[in-house]
Amino acid sequence: MQKASYKTKQQDLLVSYLKTTRGRHFTADDVRLYFDGKDVSIGIATIYRQLEKLVSEGVVQKYFLGEQTAACFEYTGDGCNAGEKHFHLKCEKCGKLVHLECDDLKEVCSHLKQEHGFSLDSLRTVFYGVCSECSDEEKMQEGR
């Protein structure tokens with residue numbers, strides 16, 4: 001027998017907030033901080049449970065950025081980026097996480113699969129470096 005799914009006030013609040021994050025990544029702690037700032041009491045365990053439920057429903061995408069960091073999420077409901085596979089760039093200076101859709105990388109993935117029998121997991125592939133804004137800032141500081 002399948003467990004009945006039901007909606008709660010907290011889930012409705014969470015989904016309403018997530019819709020405002022469209023196109024941005026967030027952690028469960030970011031969600032907790034948002035609700036704390038609004039004086040809305042939603043425990044971190046509830047946030048994790050609801051996010052995992054939304055992941056299983058395909059409304060939220062979960063990304064793993066490394067062994068020592070918390071997973072991050074992205075709202076994909078209403079067709080926003082739903083099902084799109086893409087890589088990520090993470091700035092080691094400011095922490096910004098950017099979607100990377102690049103045909104050249106698709107070719108690399110194809111090459112890895114065809115020539116080496118290796119399938120790259122785009123959800124877990126993150127390129128680390130320095131974003132253009134931080135690079136520009138470093139150049140300005142060096143020019144002082």
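Ring pairs link Tyr17, Tyr34 and Phe35 into a cluster. The exercises below use this predicted model, and that cluster is where we start.

**Exercise 1: the ring cluster**

Work out which geometry class the pair Tyr17 and Phe35 belongs to, and which parts of the chain the pair ties together.

*Solution.*
- Step 1. What do we need to know? A pair of aromatic rings is described by the distance of the centres and the angle of the planes.
- Step 2. A search of the whole structure turns up 5 aromatic pairs. One of them is Tyr17 with Phe35, at 5.8 Å centre to centre and 65° between the planes.
- Step 3. Planes over 60 degrees apart count as edge-to-face, and that is the class of the Tyr17–Phe35 pair.
- Step 4. Now place the rings: Tyr17 sits in helix H1 and Phe35 in helix H2 (residues 28–37), so the pair ties together parts 18 residues apart in sequence.
- Step 5. Do the same for Tyr34 and Phe35: with centres 5.1 Å apart and planes at 75°, this pair is edge-to-face.

**Exercise 2: buried or partly exposed?**

Sort Tyr17, Phe35 and Tyr34 by their relative accessibility.

*Solution.*
- Step 1. The cut-off for buried is under 20% relative accessible area.
- Step 2. Tyr17 has 11%, so it is buried. Phe35 has 4%, so it is buried.
- Step 3. Tyr34 comes out at 32%, so it counts as partly exposed.

**Exercise 3: two helices meeting**

Classify how helix H1 packs on helix H3, then say what the contact is made of.

*Solution.*
- Step 1. Grab the two numbers: H1 (residues 9–19) and H3 (residues 44–56) pack at an angle of about 70°, and their axes are 11 Å apart.
- Step 2. That angle makes H1 roughly perpendicular to H3, since 65 to 115 degrees is the range for that label.
- Step 3. As for handedness, H1 passes H3 in a right-handed crossing.
- Step 4. On the H1 side you'll find Gln10, Gln11, Leu14, Val15 and Leu18, and they meet Thr46, Gln50, Leu51, Lys53 and Leu54 of H3.
- Step 5. Sort those contact residues by type and you get 5 nonpolar, 4 polar and 1 charged.

**Exercise 4: the setting of His88**

Find the element that holds His88, decide whether His88 is buried or exposed, and list its contacts beyond the sequence neighbours.

*Solution.*
- Step 1. His88 belongs to strand S3 (residues 87–91).
- Step 2. Its relative accessible area is 1%, so His88 is buried.
- Step 3. Skip the neighbours within four places in sequence, and His88 is in contact with His25, Tyr63, Leu97, Val98, His99, Leu100, Thr125, Val126 and Phe127.

Technical notes: Residues numbered from 1 in each chain as written. Predicted model: local features only at pLDDT ≥ 70, side-chain atom pairs only at ≥ 80, totals over all residues. Heavy atoms only, no water. Helix = DSSP H or I, 4+ residues; strand = E, 2+ residues; numbered from the N terminus. Buried < 20%, exposed > 50% of the residue type's maximum accessible area, 1.4 Å probe, protein only. Contact = heavy atoms within 4.5 Å. Axes fitted to C-alpha atoms, helices over the stretch in contact; angles between N-to-C directions. Parallel < 35°, antiparallel > 145°, perpendicular 65-115°, else oblique. Left-handed = near helix turned anticlockwise from the far one by under 90°. Nonpolar A, V, L, I, M, F, W, Y, C, P; charged D, E, K, R; others polar. Phe/Tyr/Trp six-rings, centres within 6.5 Å; stacked < 30°, edge-to-face > 60°.
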